[in-house]
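Here are a few short exercises to work through at your own pace. Have the structure open beside you, and try each task before you read its solution.

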Amino acid sequence: QIIYGDYSIQLTIGHLSYIANISAAVINLKTGEKISSGVMLPFKKLKLDQNPEENSKISFNEKGTFVEFEVKDESRILKYQDSKLNIELNIDNLKANEKLVIATAFDSKKKFYLNYKENFYNINGFIKSNDFNLDIHNGTGLIDWGRGRWPYSHNWVWGSFSTNLNGIPFGLNIGYGFGNLEYATENAIFYDNKGYKLKKLIVKNGNKNYLEPWEIKDEDDIIDMKFTPIYDNYTENRFIVISTGCHQVYGYFSGKCKIDDKIIEFSNVLGFIEQAKNRW
């Protein structure tokens, strides 16, 4: 997912054992206008990479949709083409950049999720549609990569942002509600290509309206921030025994955090918090 100006751009290659999902979306977060496209392929097996950092190329060309994710030593190149969208992105691949990698356990010993999340910087490329063109220069974003064996019914809360703060890469990842996080959390700050783990969060939000503000702290008082929503990108899909529902709420993060005894303040950083409930 890339954030650039008022736009969010998402590219997905997913495989849920008995169905594959190839999709792209471009969202104007101020107007709510959305261009989305993709295909769902029952019983289609995709050949996916086994390590998000090793050089690889995943490609798909079927039903009028072409997608390709290529990982090189110094860049990641993402392409998507169909009748609605033509997207090409070049992402700096900083292997020394610290990431969040977590093996999440569940109550069942046969269930697990190996998840890899990383914030990226210096994303360049273009998006073209029938009546829409967007050139991207120095956008920011993240990769969310995972493999696992999940329970049929599950839900999560996940939040993230990526930006350049006074010329320094700065990002955040928070998450809870998914699996057993007794021994490790998904909460981390990324500053100047280094990761700083956080313990459990203390979260206050209205829970009545997805566009109500959130207040978020951690147990050690490392981070104290407010999230002010502006747009709810709600998606829902149903296919036989599969159902997904997600309120991906975009908004602005403002607050402060402590890193190595230094207080870092930030304001109006565009990101998201999503709440998902799925059966797959």
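**Exercise 1. Find the contacts of Leu211, leaving aside its neighbours within four places in sequence, and place this residue in the chain.**

Solution. Bear in mind that this is a predicted model.

Step 1: With neighbours within four places set aside, Leu211 touches Pro229, Ile230, Tyr231, Asp232 and Val249.

Step 2: Leu211 sits in the loop between strand E16 (201–205) and strand E17 (214–218).

Step 3: The relative accessible area of Leu211 is 41%. Buried means under 20% and exposed means over 50%, so Leu211 is partly exposed.

Step 4: For a view across the chain, pick Glu62, which is 149 residues from Leu211 along the chain. The C-alpha atoms of Leu211 and Glu62 are separated by 38 Å.

**Exercise 2. Decide whether Thr244 is buried or exposed, and describe its surroundings.**

Solution.

Step 1: Thr244 belongs to strand E19, which covers residues 242–259.

Step 2: Its relative accessible area is 18%. The limit for buried is under 20%, so Thr244 is buried.

Step 3: Beyond four places in sequence, the contacts of Thr244 are Thr235, Glu236, Asn237, Lys277, Asn278 and Trp280.

Step 4: Take Trp280 from that list. Thr244 and Trp280 lie 36 residues apart in sequence, and their C-alpha atoms are 7.8 Å apart in space.

**Exercise 3. Work out which side chain makes a polar contact with the side chain of Gln1.**

Solution.

Step 1: Start in the segment before strand E1 (2–4), where Gln1 is found.

Step 2: Gln1 has 16% relative accessibility and therefore counts as buried.

Step 3: Leaving out neighbours within four places, the contacts of Gln1 include Ser8, Thr140, Gln248, Tyr250 and Phe272.

Step 4: The partner is Tyr250, whose side chain makes a polar contact with the side chain of Gln1 at 2.9 Å.

**Exercise 4. Now zoom out: how many helices and strands are in the chain, and how compact is it?**

Solution.

Step 1: The chain has 20 strands and 0 helices.

Step 2: Its radius of gyration is 18 Å, close to the 19 Å given by the globule rule for 280 residues, so the chain is as compact as a globular protein of that length.

Step 3: Of the 280 residues, 47% are buried.

Step 4: Consider the contacts between residues at least 6 apart in sequence: 49% of them join residues at least 24 apart.

Technical notes: Residues are numbered from 1 along each chain as its sequence is written. This is a predicted model: local features need pLDDT of at least 70, side-chain atom pairs count only at pLDDT 80 or more; totals for chains, interfaces and linings use all residues. Side-chain values use heavy atoms; hydrogens and water are left out. Helices (H or I, at least four residues) and strands (E, at least two) are DSSP runs, numbered from the N terminus. The radius of gyration is taken over C-alpha atoms; the globule rule is 2.2 Å times the number of residues to the power 0.38. Buried means under 20% relative accessible area, exposed over 50%, partly exposed in between (1.4 Å probe, protein chains only). Contact means heavy atoms within 4.5 Å. A polar contact is a pair of N or O atoms within 3.5 Å; within protein, one must be able to donate a hydrogen and the other to accept it, and residues adjacent in sequence count only if both atoms are side-chain atoms.
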